[in-house]
Amino acid sequence: MKLRSIPETSRLTVIDLLRGVAILGILLVNMIDFHAPFLYMQADYWDGADFYTYAFVDIFAQGNFYPMFAFLFGYGAVLLMKRTIEKGMSFPRLFSRRMAFLLIVGVFHAFVIWHGDILISYAICGWVILLVYKLSGKALLMLSVLLYTIPYGLLGFLSILISVLEPDAAKVKTDWDSAAEAVQVYGNGSIAEIFSFRFEEWMAVNGPMSFILIFLSIFPCMLAGMAFAKLGWLSDAASHRKKLHGMFWCSVIIGLGLKMYPYFGGFNAGSLIMQDSFGGPILALAYITGITLLYGRFTSFRKLTEPFVPLGRMSMTNYLTQSVFWTFIFYSYGLGFYGQIGMLAGTVLAILFVALQAVFSAYWLKSFRMGPVEYVWRLATYGGRQPLRITAIEKEESGNWRGL
């Protein structure tokens, strides 16, 4: 029996909404790297309106949305697991094919388009899911908390200790020499020079030791998403409203406090570790629980956020399109605007681009079941032809369902 993609009436819409919001947040952060030497800069790189824009993105987006996307990845894995088991199919085999395709796309994305790819890490972490997917929701949640808090708690403690004992050595500032090199290569270099520099940057971020930390930041978030899916905390938010309310208020207060910490306590190793490694995931939880609660309670909120739903349903297509489009705009093999715009302009462009993606996604999904990249992904996952175009009868049924 072939497994088809999820019909629209069976989708958990708030998950697509959360994915759409994550797509916006991810571009707000990635846009900095598309047009400026993000790997080597800190807040002191900008001044004036650009500094305040950077601070806004740093607090409300940087380090917040990749945990959110990892959470949704894990949540989706459980939904797929349930469907494959219901159909009598092998989840490990199906999910392995899914991760293999994701890895291939990630390798191409990282080495041909943009060094900041996250898909490779997601694919590797996804395979590890197969070791734990049978655990209960509570066990997954406990494992998630332990895997994250123990190593990052130790790292945070040591970083804060160093920042207190050796404050000058622990200060973090922009690496102006490396930043200037990045501007030169991406803005004026040849294709070969860009390819080589892109590989060096990818290795610097994803080397063996760095990848251990990446794994420990992504995999626990996936486990948390799996736990929420198994425990039904989002799919049955009404029954868990009190719990979700508690999570929201605790996470928004603690998360915002940690995210703003460097702007009051100084930019050093300790404050930055606490900001991103703890503040980011905690604030991501605030976004997830807050949006879920608002979506379930207020019709006006559902209408206001409706454009994010098709954006989230085509999240893979939109994520890759962002990289292809903006590297062409900024890199020398395209229009060569790298290093020539400020933080404020880049952020405005990111918001406008996501708005265009939302319009296109809604238009596309009127005639097609999924985005083009999602369609190829499903072909690789399920095998055999999958229906792509929506029939006239299905459009009518979908319209009737929307009106219920």
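# Exercises on a Predicted Helical Model

Val183 belongs to helix H8, which covers residues 176-188. The model is a predicted one, and the exercises below treat this residue, several others and the chain as a whole.

## Exercise 1: The surroundings of Val183

Determine whether Val183 is buried, partly exposed or exposed, and state which residues it touches beyond its neighbours within four places in sequence.

Solution.
- Step 1. The relative accessibility of Val183 is 25%. Buried requires a value under 20%, and exposed a value over 50%. Val183 therefore counts as partly exposed.
- Step 2. With neighbours within four places in sequence left aside, Val183 is in contact with Pro37, Asn188 and Tyr338.
- Step 3. Gly116 stands 67 residues from Val183 along the chain, and the two C-alpha atoms are 16 Å apart.

## Exercise 2: The overall dimensions

Compare the radius of gyration of the protein chain with the value for a compact globule of 404 residues.

Solution.
- Step 1. For 404 residues, a compact globule would have a radius of gyration near 22 Å.
- Step 2. The protein chain has 21 Å, so the two values agree.
- Step 3. Along the principal axes, the C-alpha atoms fill a box of roughly 65 × 45 × 40 Å.
- Step 4. The secondary structure within these dimensions consists of 18 helices and zero strands.
- Step 5. Of the contacts with a separation of 6 or more, 79% are between residues 24 or more positions apart.

## Exercise 3: Burial, surface and charge

State what share of the residues is buried, and describe the exposed area and the charged side chains.

Solution.
- Step 1. Of the 404 residues in the protein chain, 51% are buried.
- Step 2. The chain exposes about 18800 Å², and 69% of this area is supplied by carbon and sulfur atoms.
- Step 3. There are 31 positive and 24 negative side chains. The centres of these two sets are separated by 19 Å.

## Exercise 4: The cysteines

Explain why Cys125 forms no bond with the closest cysteine sulfur, and give the corresponding distance for Cys250.

Solution.
- Step 1. A disulfide is a covalent bond that joins the sulfur atoms of two cysteines. The cut-off applied here is a sulfur pair within 2.5 Å.
- Step 2. The cysteine sulfur closest to that of Cys125 is in Cys221, at 9.6 Å, which is too far for a bond.
- Step 3. Cys250 is likewise in no disulfide, its nearest cysteine sulfur being that of Cys221 at 18 Å.
- Step 4. The count of disulfides in the structure is zero.
- Step 5. Cys125 has 0% relative accessibility and so counts as buried, whereas Cys250, at 48%, counts as partly exposed.

## Exercise 5: Two buried residues in helices

Locate Val14 and Thr53, and identify their contacts beyond four places in sequence.

Solution.
- Step 1. Val14 lies in helix H1, residues 13-35. Its relative accessibility is 4%, so Val14 counts as buried.
- Step 2. Val14 touches Thr292 and Tyr295 when residues up to four places away are not counted. Val14 and Tyr295 are 281 residues apart along the chain, yet their C-alpha atoms are separated by 7.1 Å.
- Step 3. Thr53 is placed in helix H2, residues 48-60. Its relative accessible area is 11%, and Thr53 is therefore buried.
- Step 4. The contacts of Thr53, apart from neighbours within four places, are Met343, Leu344 and Thr347.

## Exercise 6: Two loop residues

Assign His240 and Gly339 to the buried or the partly exposed class, and name the loop that holds each.

Solution.
- Step 1. His240 is in the loop between helix H10 (208-231) and helix H11 (241-265). With a relative accessible area of 18%, His240 is buried.
- Step 2. Outside the neighbours within four places in sequence, His240 is in contact with Leu231, Gly232 and Trp233.
- Step 3. Gly339 occupies the loop between helix H15 (315-330) and helix H16 (343-364). At 40% relative accessibility, Gly339 counts as partly exposed.
- Step 4. Ser367 is 28 residues from Gly339 along the chain, and their C-alpha atoms are separated by 39 Å.

Conventions:
Residues are numbered from 1 along each chain as its sequence is written. This is a predicted model: local features need pLDDT of at least 70, side-chain atom pairs count only at pLDDT 80 or more; totals for chains, interfaces and linings use all residues. Side-chain values use heavy atoms; hydrogens and water are left out. Helices (H or I, at least four residues) and strands (E, at least two) are DSSP runs, numbered from the N terminus. The radius of gyration is taken over C-alpha atoms; the globule rule is 2.2 Å times the number of residues to the power 0.38. Buried means under 20% relative accessible area, exposed over 50%, partly exposed in between (1.4 Å probe, protein chains only). Contact means heavy atoms within 4.5 Å. Accessible areas come from the Shrake-Rupley method with a 1.4 Å probe; for residues, only the protein chains shown count as cover. Lys and Arg count as positive and Asp and Glu as negative; His and the chain ends are not counted. The place of a charge is taken as NZ of Lys, CZ of Arg, CG of Asp or CD of Glu.
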